[in-house]
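Student: I would like to go through this model and check each label against its definition.

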Amino acid sequence: MTIMFNKTASSPPAPQDATFRIRVAGLSAGYAGRPVLRQLDFGIPALAITALVGPNGSGKSTLLGVLAGVIRPTAGELYRAGGRPPAFVPQRTAVGGLLPLTVRQTVQMGRWSDRGPWRRLTSRDHAAVATAMDRLGIADLATRQLGELSGGQRQRALMAQGLAQESDLLLLDEPTTGLDPEARERTATLLRDLAADGVTVVHATHDLDAARSADTCILLREGRLAGRGHPDRLLTPSALDRLRQPA
Ligand SMILES: Nc1ncnc2c1ncn2[C@@H]1O[C@H](COP(=O)(O)OP(=O)(O)OP(=O)(O)O)[C@@H](O)[C@H]1O
């Protein structure tokens with residue numbers, strides 16, 4: 001699927017290139033009166049883990065919103081290779097902790113895109129929900145209210161909701177923020193397993209260990225592409241210093 005906006009790119013993405021799950025060309029986006037992303041060109045490799053790295057306000061969440069289809073670009077092209085609609089897991093701070101929902105109900109909402117909110121869940125849905133909770137290690141929290149959970153537990157409940165969608169494109173906003181070292185390690189292993197199972201994973205992160213364990217990184221600075229490639233090549237101390245300086 002190619003979505004074209006006010007076209008500014010001279011070279012359109014190549015839909016026939018099966019190595020990319022997503023391609024963008026000349027992509028710009030932002031909010032009313034506030035341009036954020038400027039003229040981005042890159043591909044997201046299929047069946048791999050891509051980390052979005054950059055300082056606060058560099059546009060990582062905005063880019064995830066565009067890739068998820070919840071923020072409309074103002075210019076450029078976005079090509080998503082065929083597959084299921086993306087599963088988008090926002091930062092836990094963007095999700096109300098006061099919603100009167102149990103963990104299980106939260107994860108079940110991941111099935112709404114297939115089932116709709118008012119239909120009874122099938123045994124297949126229940127199995128997907130149980131598997132997602134198991135993979136995130138939160139089965140024992142199933143009956144707890146979301147609002148009673150610690151930040152890290154709530155983060156894992158939201159990730160389980162994303163997994164329950166069984167999409168082949170998982171977009172995660174700072175999935176390891178607030179997690180203890182063991183949960184971070186578990187998340188890293190989970191992302192690796194998902195990629196091996198056929199999922200393309202994109203996550204925004206400030207966690208350099210998580211970024212270093214990705215297959216590829218995209219660096220953003222003030223809404224512009226500051227680099228992309230393998231983390232070993234990209235995440236050098238001097239490159240990270242440059243990221244922190246004004247563009
Ligand atoms: N809903 C919004 N309305 C207006 N401006 C916004 C909105 N959300 C974000 N912004 C602005 O867009 C810019 C990029 O924000 P974004 O959240 O994408 O950055 P980020 O790299 O994810 O930051 P962080 O690492 O702090 O999460 C910032 O200047 C921010 O103030």
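Tutor: What follows takes the ligand shell, a hairpin, a helix, a loop residue and the core in turn. This is a predicted model, where local features need pLDDT of at least 70, side-chain atom pairs count only at pLDDT 80 or more, and totals for chains, interfaces and linings use all residues. Residues are numbered from 1 along each chain as its sequence is written.

Student: What makes a residue part of the shell around the ligand?

Tutor: Its C-beta atom, placed from the backbone, must lie within 6 Å of the molecule. The residues around the ligand are Y31, R34, V36, G54, N56, G57, S58, G59, K60, S61, T62 and A204.

Student: Which element gives the largest share of that shell?

Tutor: That is α1, with three residues. Both α1 (60-68) and β3 (34-45) supply at least two residues each. Elements here are DSSP runs numbered from the N terminus: helices are H or I with at least four residues, strands E with at least two.

Student: How many shell residues fall in each class?

Tutor: Three are nonpolar, seven polar and two charged. Ala, Val, Leu, Ile, Met, Phe, Trp, Tyr, Cys and Pro count as nonpolar, Asp, Glu, Lys and Arg as charged, and the others, Gly among them, as polar.

Student: Why are β2 and β3 called paired?

Tutor: Pairing requires at least two DSSP bridges between two strands. Eight bridges join β2 (residues 20-31) to β3, and the strands run antiparallel. One of the partnerships is L27 with L40 in β3. The hairpin has two residues between the strands, and G33 takes a positive phi near 75 degrees there.

Student: What makes E222 partly exposed?

Tutor: A residue is buried if 20 or more other C-beta atoms, placed from the backbone, lie within 10 Å of its own, exposed if 12 or fewer, and partly exposed in between. E222 has 16 such neighbours, so it counts as partly exposed. E222 is in the loop between β9 (216-221) and β10 (224-229).

Student: How many residues of α1 are buried?

Tutor: Seven of its nine residues are, so by the cut-off of the buried class α1 is mostly covered. They are K60, T62, L63, L64, G65, V66 and L67.

Student: What makes a set of residues a nonpolar core?

Tutor: Its members are buried Ala, Val, Leu, Ile, Met, Phe, Trp, Tyr and Cys residues joined through C-beta atoms within 7 Å. The largest such core has 58 residues, and A132, A160, L171 and C217 have the most contacts inside it. It draws at least three residues from each of domain 1 (1-86 + 170-247) and domain 2 (94-166), with bounds from an automatic or database domain assignment.
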